[in-house]
Amino acid sequence: MTDREGSRWVRGRTALVAFVVVTALAAGGVWFSQASDRASAVDAAPKTAAVQDVKEDAKQPGGLPGVRDCGIGEPEIKPQVITLTCADAGMVATAITWKKYGARDALGVGVVQVEKTAAGVGTESGFPATFRLYGPKPVDGGMAFTGLEVTYEGSTPLGDTTEMYNLA
């Protein structure tokens with residue numbers, strides 16, 4: 001190996017190291033610039049019935065059990081919105097129409113809205129689903145359903161056709 005070949009190898013290695021450093025800095029800059037997007041991602045997701053202006057009267061007619069959004073507050077009868085992932089509100093059942101709403105269970109249809117970071121994709125997504133409330137129990141002087149079964153009618157956000165959620 002001559003001195004000339006050795007200096008080419010050093011220059012090539014130096015160029016490669018420079019390329020890696022610039023690429024890493026650029027990727028880090030993009031990641032940090034999206035920090036505000038990640039921080040506001042939760043704010044973008046529809047969280048509760050109150051946010052969507054569809055909150056019904058929370059009184060329990062005829063002793064029917066209600067739903068406590070994320071296990072807090074007064075149980076709401078026939079909610080149109082139920083937060084599924086309370087930690088980040090990334091998945092929310094919306095536009096729920098109840099076909100049956102009784103003392104032991106309730107059946108409805110609607111859409112599961114998935115916020116873009118929860119779905120792992122670049123846009124918000126909606127997944128048609130059926131909902132079954134079950135397990136009514138006394139909670140804070142009233143009755144509330146403690147479980148929710150979500151069955152997707154086609155594609156699913158997490159790959160499962162049926163998901164169970166604890167509402168207590």
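**Aromatic pairs and the strands around them**

Three aromatic pairs come out of the count for this structure. Take Trp 98 and Tyr 101. Their rings meet edge-to-face, 5.6 Å centre to centre, with 80 degrees between the planes. Trp 98 and Tyr 101 are both buried. Keep in mind that this is a predicted model.

Next, Phe 127 and Tyr 152. Again we have an edge-to-face pair, at 6.4 Å centre to centre and 80 degrees between the planes. Where do Phe 127 and Tyr 152 lie? Phe 127 is in strand E4, residues 125–139, and Tyr 152 is in strand E5, residues 142–152. So this pair ties together parts that are 25 residues apart in sequence.

Buried or exposed? Take Phe 127. Its relative accessibility is 9%, so Phe 127 counts as buried, the cut-off being under 20%. Tyr 152 has 6% relative accessibility, so Tyr 152 counts as buried too.

There is also a cluster. Ring pairs link Trp 98, Tyr 101 and Phe 145.

Now the strands. E3 covers residues 106–114. E3 and E4 run antiparallel, joined by nine bridges. Phe 127 in E4 comes up again here: Val 112 stands opposite it.

On to E4 and E5. How many bridges pair E4 and E5? The number is 10, and the sense is antiparallel. One of the partnerships is Lys 137 with Ala 144, the latter in E5. E4 and E5 form a hairpin, with two residues between them. In that turn, look at Asp 140: its phi is positive, about 50 degrees.

To close, back to the ring pair across this hairpin: Phe 127 sits in E4, Tyr 152 in E5.

How values were computed
Residues are numbered from 1 along each chain as its sequence is written. This is a predicted model: local features need pLDDT of at least 70, side-chain atom pairs count only at pLDDT 80 or more; totals for chains, interfaces and linings use all residues. Side-chain values use heavy atoms; hydrogens and water are left out. Rings of Phe, Tyr and Trp (its six-membered ring) pair if their centres lie within 6.5 Å; planes under 30 degrees apart count as stacked, over 60 as edge-to-face and the rest as tilted. Buried means under 20% relative accessible area, exposed over 50%, partly exposed in between (1.4 Å probe, protein chains only). Helices (H or I, at least four residues) and strands (E, at least two) are DSSP runs, numbered from the N terminus. Two strands pair if DSSP finds at least two bridges between them.
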